[in-house]
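Reader: I have a model open in front of me and would like to learn how to read it step by step. Could you take me through it with care?

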Amino acid sequence: MNELTPEQARAALDTVERSRRKVIDEIDAPRWYWTGLATGWIMLGVIADLRHPLVTTVVTLAFGAAHSSIAPRVVNGRHRTGRMSVRADITGPRLAAWVLGSLVALVAVTIAAALILNADGARHPVTGAAVLAAVVLVLGGPLLLAAARRRAVRTGAAS
């Protein structure tokens with residue numbers, strides 16, 4: 001049996017830790033997800049401000065269907081790029097729930113902001129609220145997943 005020296009053991013552990021951190025660095029959603037979601041949110045706001053309920057309903061349903069077909073693959077943080085897929089036990093079981101829960105909360109914020117803007121007499125209250133939501137998405141989405149990466153570094157899982 002070949003015995004390791006303490007220096008060799010330390011070097012091996014350091015290599016494992018560097019590899020683990022490279023995998024954790026991959027926990028994220030693709031940038032296009034956040035910008036696409038933000039763009040869609042603004043488009044829904046603009047369409048809602050046109051005050052054609054049928055068109056708004058159809059576009060909202062189409063947007064929801066498109067998002068529901070894309071989200072399961074990207075909101076779990078496991079597929080930032082096509083190069084690597086992070087194992088589910090690294091990202092943790094609750095990351096996708098946190099992202100989707102945050103989106104539901106953002107819907108509530110958007111509705112509240114639109115009502116406030118409307119009460120204040122804004123000409124396009126839903127568009128204004130949607131722009132606010134889009135900024136939150138583009139800035140906050142990556143921050144949410146960065147928090148998951150920090151947690152994965154601390155605990156070994158991002159749940």
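Reader: Where should I begin, and what is the mean pLDDT of the protein?

Author: Begin with confidence, since this is a predicted model. The mean pLDDT of the protein is 85, and 85% of its residues reach 70 or more. The general idea is that where pLDDT is low, the predicted coordinates should not be read in detail. Among the elements here, helix α4 (residues 88-91) has the lowest mean pLDDT, at 66, whereas α2 has the highest, at 95.

Reader: How many helices and strands does the secondary structure come to?

Author: The protein has six helices and zero strands, and along the sequence the pattern therefore reads α-α-α-α-α-α. To see how the chain is brought together, look at the contacts with a separation of 6 or more, of which 72% join residues 24 or more positions apart.

Reader: How do I read burial, and what share of the residues count as buried?

Author: A residue counts as buried when its relative accessible area is under 20%, and as exposed when that area is over 50%. Of the 159 residues of the protein, 33% count as buried. Ala129, which sits in helix α6, has a relative accessible area of 1% and is therefore buried. Arg73, found in helix α3, is exposed because its relative accessible area is 52%. The C-alpha atom of Arg73 lies 9.1 Å from that of Ala29, although 44 residues separate the two in sequence.

Reader: Is Thr110 buried or exposed, and why?

Author: Thr110 has a relative accessible area of 10%, so this residue is buried. Its place is in helix α5 (residues 95-119), and, leaving aside neighbours within four places in sequence, Thr110 is in contact with Trp41, Ala129, Ala130 and Ala133.

Reader: Which residues does Ala129 touch in turn?

Author: Not counting residues up to four places away in sequence, Ala129 touches Thr110, Ala113, Ala114 and Leu117. A distance adds to this picture, for the C-alpha atoms of Ala129 and Ile116, which are 13 residues apart along the chain, are separated by 9.1 Å.

Reader: How should I read the largest nonpolar core, and which residues have the most contacts inside it?

Author: Think of a core as buried nonpolar residues joined through their side chains. The largest one has 22 residues, and those with the most contacts inside it are Tyr33, Trp34, Trp41 and Leu137. The elements that give two or more residues to this core are α2, α3, α5 and α6, and α6 gives the most, with seven residues. For a closer look at one of its members, take Leu137, which touches Trp34, Leu37, Ala38, Trp41, Leu103, Leu106 and Pro142 when residues up to four places away in sequence are not counted.

Reader: How is empty space found, and how much of it lies in the largest pocket?

Author: Rolling a probe the size of a water molecule over the atoms shows where empty space is left. In this model, about 450 Å³ of space lies in the largest pocket. Its lining has 18 residues, of which Trp41, Leu44, Thr60, Phe63 and Val107 lie nearest the centre.

Reader: Which elements supply the lining of the largest pocket, and what classes of residue does it have?

Author: At least two residues of the lining come from each of α2 (31-49), α3 (53-74), α5 and α6 (125-155), and α5 gives the most, with six. By class, the lining has 12 nonpolar, six polar and no charged residues.

Notes: Residues numbered from 1 in each chain as written. Predicted model: local features only at pLDDT ≥ 70, side-chain atom pairs only at ≥ 80, totals over all residues. Heavy atoms only, no water. Helix = DSSP H or I, 4+ residues; strand = E, 2+ residues; numbered from the N terminus. Buried < 20%, exposed > 50% of the residue type's maximum accessible area, 1.4 Å probe, protein only. Contact = heavy atoms within 4.5 Å. 1 Å grid on protein atoms, 1.4 Å probe; cavity = no way out; pocket = protein on both sides within 12 Å on 5 of 7 lines; lining within 4 Å. Points joined across faces, edges and corners; volume = space filled by probe spheres on them. Nonpolar A, V, L, I, M, F, W, Y, C, P; charged D, E, K, R; others polar. Core = buried A, V, L, I, M, F, W, Y, C linked by side-chain atoms within 4.5 Å. pLDDT = per-residue confidence, 0-100.
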